[in-house]
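Me: I should like to learn how the computed features of a protein model are to be read. Please give the general idea each time, and then the case at hand.

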Amino acid sequence: MDPRYFCLICRRPTRGAGEECPHCKSRQVARVGATPQRLAIVFCVMLALFVATGYYNRAFNNERQQRAEEHFRLGRTLADYGYFDAAIKHFGDALVYNRGDFDYRMGLTLALYQSGRYQEVEPQLLELRAANATQASVNRMLARLAAQNGRIEEAVQSYRTAIYGRWDQNPEQNRVETRLELVDLLESEGETLQLVGELLSLLREEPANDELLRRAGLLFLDAGAAGEAIRVLSPMAEGAPDDAELHGALGRAYFSTAQYGLSRMELRRALAVRPNPDLSELLVESDAVVSLDPNYRRVERSEPRITQRARYRRSALVLRRTVDYVNSCYGPVGKELVGPAAPRSERAESALAAAAAVLADTRVPADSEEATERNMGLASDLWSLRAEACTNIWDHDDALERVLEATAR
Amino acid sequence: MKRKWLTALQRSIQWLLELGTKGPVMGETQRFLLLSIVIGIFSGLTVVCFHISIEFFSWATVEGLGSNSWWALLLWPAVGGGAAYFLAARYFPAARGSGVNSTKAALYISDGYVPFTGVIGKFAASTISIGTGNPMGPEDPALLMGSGIASLLGRTFRLTRDNMRMIAPVGAAAGIGAAFNTPITAVLFVMEEVVSSWNAGVLGSIVLSSVSAVVVSRWYLGDDPLYSVPEFTLTNYSELIVYALIGLVSGYLSAWFTEFAVSIRARVGGIRGARVYMLPVIAGLLVGVIGIRFPEVFGAGYTAIDSALHDRFVWQFLLLLAALKMVTTALCFAVGTPGGMFAPTLFIGAMIGGGIGGLAHEYWPFPTSTAGAYVLVGIGTFFAGLFRAPMTSIFMVFEISRSYMIILPVMVANVIALLVSRTLRHDSLLQTAALQDGLDLPSVEDQREALPLSVEEAMQAGGARVFPRTTPVETALQRMREQGVETALVSVHRKGWFWVGISDLEKAEAGGHGGESLWQALSVQAVVRLYPDLSLDAAMRVLAKYPILPVSSRANPNLLLGTLTLEDVHRSYGIAGPAQLRQTK
């Protein structure tokens, strides 16, 4: 058998050209393989088919695009007029014709979202995100849905992607709005640290928006960033003497940062415009600190200046209250005593003895400034003993504590 | 300069003219591989045209003129189904039936011959049928088109019989690859469903044709997968139980579907004459009646699957759609409406998955994904149960979703579907349909599972027929006579085994060498050794040369495990060997 030749009838190898096939006795024998002419014909047919398919495909694509555009336009018009169900159908039809089009799917997604079909929105959004991960509006919607469903971490992540993503229209405004949404979410979830971070970023992006500044200032205050709140709110408060909320917030902020004089001033301004029991209580506390603090520096010109004698008297008062406080911790007659009194240490004994000696002399010394310093130093020493002495005492002297803390600082 | 150009041109023309008189320009293997690429390109182009034609037809009928009038929706599938059937039955009989079965018939019966009229007929009839809303898919026709084109090109390229046989599966892979836009799935499907035995050359050709077809298809239609698939996540590992349930239900329903479809097919098979043409019309009418209220059942159903993937249907509706599609598809398949079963099975699986998933999403005690994820996993389950091609179904979903996360649930669901379906019904739908058509095509699944007998199962363990080389001739002869055997092995340290026949021993004894050792008295012949895991087919090829062979261990080739003779092989197959036959006589 010659493997180069085969029978055209039974397709088995034959003995050679012109020989009879030993299997089917046919004489139709051909050489294996295509001749170059056949190859050329096949190649030409292939080319022709390529061209024909190209034309056919172009016609198909034109028709498909035309139909898709028509449905998309209709869908958009219907959505503009609030006919969301009909719009959804048309957007869906547009996608049937051109599944990969971002705008069509976005239109469908928005229509689904606006009609409240949230369950259907999410898969669409995920697909849009898969197609374009940095599309900010998609990420914002995903964040909203995640927040609605209680997936907070995912929501925060999506919000952040949206903030730093690509916005097709009004990028600045959209970024600020999105960050505000994120801030609201973080606030509602009590994520203080992240909240402050977002607020700082927000102010960097939009420094001149009064409404934003006020909101940020108030949020800073709620988040415990009183210094930032003062930085943001104080310039605004200067131009708004009748804004009770602003002055009240500043009063609270100053109080938090141990600026009791300024706090008292702002709280008085706020209460002059609108009474508020919480602020009144805070004012009382501020007053108590201001009237006790020997180092107090007036914050308004209208306030009387504190003389050196007055400072000494205040320091003596601070020392007396400290001694009373510490004695009440050690003393067997402590009214709140619930357990055995702690034994007095040697240090406590000596400090109390020194304080008693100072307090025994009721005259104002010649060098009252130095005496003031000494009194405050003694008071601070005694105050530091409360950790060992006052384990059982529940009654606190808040004003004294604040004064001594301010002195220590 | 001018003269040089003219000379070069003249020489080129002369070379081209001479080329026409020469023989083939490359060898058979290279030609086969090159041809696979050409087949892929042709199939890809044809499938692109086929896809576009279906769309055009659909826009002109159920999605165009008929979309606003119920009567048009009612009538188009009937008219289209009837016309397509008439066309196929009257003018293109080669286009009737399943493309998979036609390809298998080409491979196993007609030496790779698929008439090209089948390609033309399948193209036209399926375009009309699917385009007018009949619930069939374009993949099976595409597969046949690929086979037909491959067969034509094989004849054009004058392939020999062995290569011609393999050319149809190569074309089938190209057709299905272009239709599904999934090259791996196409290769696996052909391997699982069409070709039972293959070698590296065939695999290479199938891969090449599939890839080139997919490239052409993507060139024209884009590289989007069949469905736009949302991100898949496995929310909770308890979801695997739900996925297993999907596999269970799909497997059960696929067995039921097969039973239902083949029973209708058997009933309508007896109808003769003009009434046959009415059957697709009636089936089309039923499709139209359902389609007026549920247009999702029309056509291949890709759009509906896409909507289901995006959670746009509630679970009750998904289950209803699955039921309706099962009934309409089974009916259309049974009456012979042109079109394939792939897309409908994907539709049914997707809807079953989505339905069960949606139900679980509402009532499952643990958090679960939305129905869309279950739709995606469900896609392949019904397919796996119906076509008995689990690897194809798994990789199909993997290729469509392009998500690694999905593999675990898909494997669970698909394998369970396959096992349930096989337990309930041995033969697949296509196999039964082929039998109904009078073709007893081999089942690749059965061939795959029919393990060949191994040497271990036939050999005689131990060394009863093995003598050390120092054994005296008379001793060996006596023992062989006692055992009633005619051949034995002589073991020689470090040299292996040698065989001796009883006649040789008798001659040696007669020559007065009875007291000598075997090694001294005889000129023995060395034999090759076998291993227990070798197939008996491989052993038989060696037994043609040697009457007895040693079976040794692969770990220690000098360790004898047993011996094998032709009688042993016969015994293992349960047939009487020559010795037994002699005894019987």
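The dialogue below takes up fold, salt bridges, backbone, pockets and cavities in turn.

Me: What kind of model is this, and how are its parts labelled?

Reply: This is a predicted model, in which local features need pLDDT of at least 70 and side-chain atom pairs count only at pLDDT 80 or more, while totals for chains, interfaces and linings use all residues. Residues are numbered from 1 along each chain as its sequence is written, chains are lettered from A and ligands numbered from 1 in the order in which they are written, and side-chain values use heavy atoms, with hydrogens and water left out.

Me: How many helices and strands does chain A have?

Reply: Elements are DSSP runs numbered from the N terminus, with helices being H or I of at least four residues and strands E of at least two. Chain A has 18 helices and three strands.

Me: What does the radius of gyration say about chain A?

Reply: The radius is taken over C-alpha atoms, and the globule rule is 2.2 Å times the number of residues to the power 0.38. For the 409 residues of chain A the rule gives 22 Å, whereas the radius of gyration is 42 Å, well over that value, so the chain is more spread out than a compact globule. The C-alpha trace of chain A spans about 145 × 60 × 40 Å along its principal axes.

Me: What share of chain A counts as buried, and how are its contacts distributed in sequence?

Reply: Buried means under 20% relative accessible area, exposed over 50%, and partly exposed in between (1.4 Å probe, protein chains only). In chain A, 45% of the 409 residues count as buried. A contact means heavy atoms within 4.5 Å. Of the contacts in chain A with a separation of 6 or more, 51% are between residues 24 or more positions apart.

Me: How many salt bridges are there over all chains?

Reply: A salt bridge is a side-chain nitrogen of Lys or Arg within 4 Å of a carboxyl oxygen of Asp or Glu. By this rule there are 30 salt bridges over all chains. One of them joins A:Arg151 and A:Glu122, at 2.4 Å from N to O. A:Arg151 lies in the loop between helix H5 and helix H6 of chain A and A:Glu122 in helix H4, so the pair ties together parts that are 29 residues apart in sequence. A:Arg151 is partly exposed at 28%, and A:Glu122 is buried at 16%.

Me: Where do A:Arg214 and A:Asp243 lie?

Reply: A:Arg214 is in helix H9 of chain A and A:Asp243 in the loop between helix H10 and helix H11. Their closest N and O atoms are 2.1 Å apart in a salt bridge. A:Arg214 counts as partly exposed at 22% relative accessibility, and A:Asp243 as buried at 17%.

Me: Which distant parts of the chain does the pair A:Glu285 and A:Arg402 link?

Reply: A:Glu285 is in helix H13 and A:Arg402 in helix H18 of chain A, 117 residues apart. The closest N and O atoms of this salt bridge are 2.9 Å apart. Salt bridges also link A:Asp85, A:Arg117, A:Glu120 and B:Arg312 in a network.

Me: Which residues have a positive phi although they are not glycine?

Reply: A:Asn170 has a phi of about 40°, and this residue lies in the loop between H6 and helix H7 of chain A. B:Asp111 has a phi of about 50°, and its place is the loop between H4 and H5 of chain B.

Me: What volume does the second largest pocket have, and which residues are the closest to its centre?

Reply: On a 1 Å grid over the protein atoms alone, a pocket is an open set of points with protein on both sides within 12 Å along at least five of seven lines; a cavity is a set where a 1.4 Å probe fits but cannot get out, and lining residues have an atom within 4 Å of a point. Grid points are joined across faces, edges and corners, and a volume is the space filled by probe spheres set on the points. The second largest pocket has a volume of about 950 Å³. Of its 46 lining residues, B:Arg96, B:Gly97, B:Ser98, B:Arg265 and B:Asp437 are the closest to the centre.

Me: How many cavities does the structure hold?

Reply: There are two cavities of 30 Å³ or more, and the largest has a volume of about 90 Å³. Among the residues that line the largest cavity are B:Lys104, B:Glu192 and B:Arg388.
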